[in-house]
Amino acid sequence: KEKYEEDLTNVISKYKEKGYRDARILSDTVIYDKEKNKLGINVKLEEGRKYYFGDIRFLGNSIYTEDVLKRKLGINRGDVYNGILLQKRIADNSSPDADDITKLYQNNGYLFSTINTVEVKTENDTIDFEIRISEGPLAYFNKITVVGNDRTNDHVIYRELLTKPGRKYSKDALVRTVREIGQLGFFDPEAIEPKFKNVDAAAGTVDIEY
């Protein structure tokens, strides 16, 4: 059942990737054939119309110009609407190596930045967007600790850390540090987890516990 529900969601996601923002499932029925011991599935869809991207404006940005952000976004007026791609270009949580706008900010100290995408106008088959950015204050690494190590001396781990106290926050430094610790060969790379502690926007600091 879980796989079935996931597939229904995937069907709609695929439509949204192809421009059909309003696609939805009207009904779905699972029918059991006792003689064949098999299930039949009927899904009734409403596709809706196909949409295209219109104007995309950035608001609240001061660190990066609109041209820089538009190049990072990589979506232009007239492109077929793709809601899944839009979200990934803003914040792709599926991969630590994703190259999105949120990571652009977070690699340069803006841990507290938030980015929201808002549809501001729909006319015929064209949708205009505003990408609203709150950059927030710069953040710096404060206290850095390692717990759970009983395989080697702590200093062996600490010398691999790229997240040093006083350095500007960087998501990329976190990702690379986890990889560096994993390459030491003492620990299961999947079990290394950087935890955020004492995240203080007012002070502009964050503690990290590996």
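1. In strand S8, Thr-205 is the bridge partner of Tyr-140. That pairing belongs to a predicted model, where local features need pLDDT of at least 70, side-chain atom pairs count only at pLDDT 80 or more, and totals for chains, interfaces and linings use all residues. Residues are numbered from 1 along each chain as its sequence is written, and side-chain values use heavy atoms, with hydrogens and water left out.

2. Some terms come before the details. Strands (E, at least two residues) and helices (H or I, at least four) are DSSP runs, numbered from the N terminus. Two strands pair if DSSP finds at least two bridges between them.

3. Now the sheet around S8. Strand S6 (residues 140–145) and S8 are parallel and share 4 bridges. Thr-145 has Glu-209 of S8 as its bridge partner. Lys-195 also stands opposite Glu-209. S7 and S8 run antiparallel, again with 4 bridges. These two strands make a hairpin with 4 residues between them, and Gly-204 in the turn has a positive phi of about 70°.

4. What is the strand order here? The 3 strands form an open sheet in the order S6-S8-S7, with mixed pairing. S6 and S7 are at the edges with a single partner strand each, so one side of each has no neighbour in the sheet. On average, neighbouring strands are turned by 25° against each other, direction ignored. Angles run from 0 to 180 degrees between N-to-C directions, and axes are lines fitted to C-alpha atoms, for helices over the stretch in contact.

5. S8 is mostly covered, as 4 of its 5 residues are buried. Buried means under 20% relative accessible area, exposed means over 50%, and partly exposed lies in between (1.4 Å probe, protein chains only). Helix H6 packs nearby in the account: its buried residues lie against helix H5 (154–158), strand S7 (195–200) and strand S8 (205–209). Contact means heavy atoms within 4.5 Å. The buried residues of H6 include Leu-174, Val-178 and Ile-181.

6. Does the length of H6 fit or clash with expectation? At 1.5 Å a residue, the 12 residues of H6 (residues 171–182) should span 16 Å, and the end C-alpha atoms are 17 Å apart, which agrees. The expected span is 1.5 Å times one less than the number of residues.

7. A second sheet has 3 strands too: it is open, in the order S3-S5-S4, and its pairing is mixed. Its edge strands are S3 (52–59) and S4 (114–123), each pairing on one side only. The twist averages 20° from one strand to the next. S3 and S5 run parallel and are joined by 6 bridges. Tyr-52 stands opposite Thr-126 in S5. Helix H2 (residues 66–73) packs on this sheet, touching S3 and S5, and its direction makes about 140° with that of S3. Helix H3 (residues 83–90) packs there as well, touching S3, S4 and S5, at about 150° to the direction of S4.

8. Take Ile-133, which sits in S5 (residues 126–134). At 8% relative accessibility, Ile-133 counts as buried. Its C-alpha atom is 4.6 Å from that of Ile-115, 18 residues away along the chain. Beyond neighbours within four places in sequence, the contacts of Ile-133 include Phe-58, Leu-69 and Tyr-105.

9. Which residues of the largest nonpolar core touch the most other members? They are Leu-69, Leu-73, Ile-101, Tyr-105 and Ile-131, out of 20 residues. S3, H2, H3, helix H4 (101–106) and S5 each supply at least two residues. S5 gives the most, with 4 residues. A nonpolar core is a set of buried Ala, Val, Leu, Ile, Met, Phe, Trp, Tyr and Cys residues joined through side-chain atoms within 4.5 Å.

10. Helix H1 closes the note. Its buried residues are Tyr-4, Leu-8, Ile-12 and Tyr-15. They cover an arc of only 85° around the axis, which puts them on the same side of H1. The arc is that of the directions from the helix axis to the C-beta atoms. An α-helix has 3.6 residues a turn, so residues three or four places apart point the same way. The face turned away from the buried side of H1 carries the exposed residues Glu-2 and Lys-3. The buried residues of H1 pack against strand S1 (24–33) and strand S2 (38–46). Gly-19 follows H1 and has a positive phi, near 105°.
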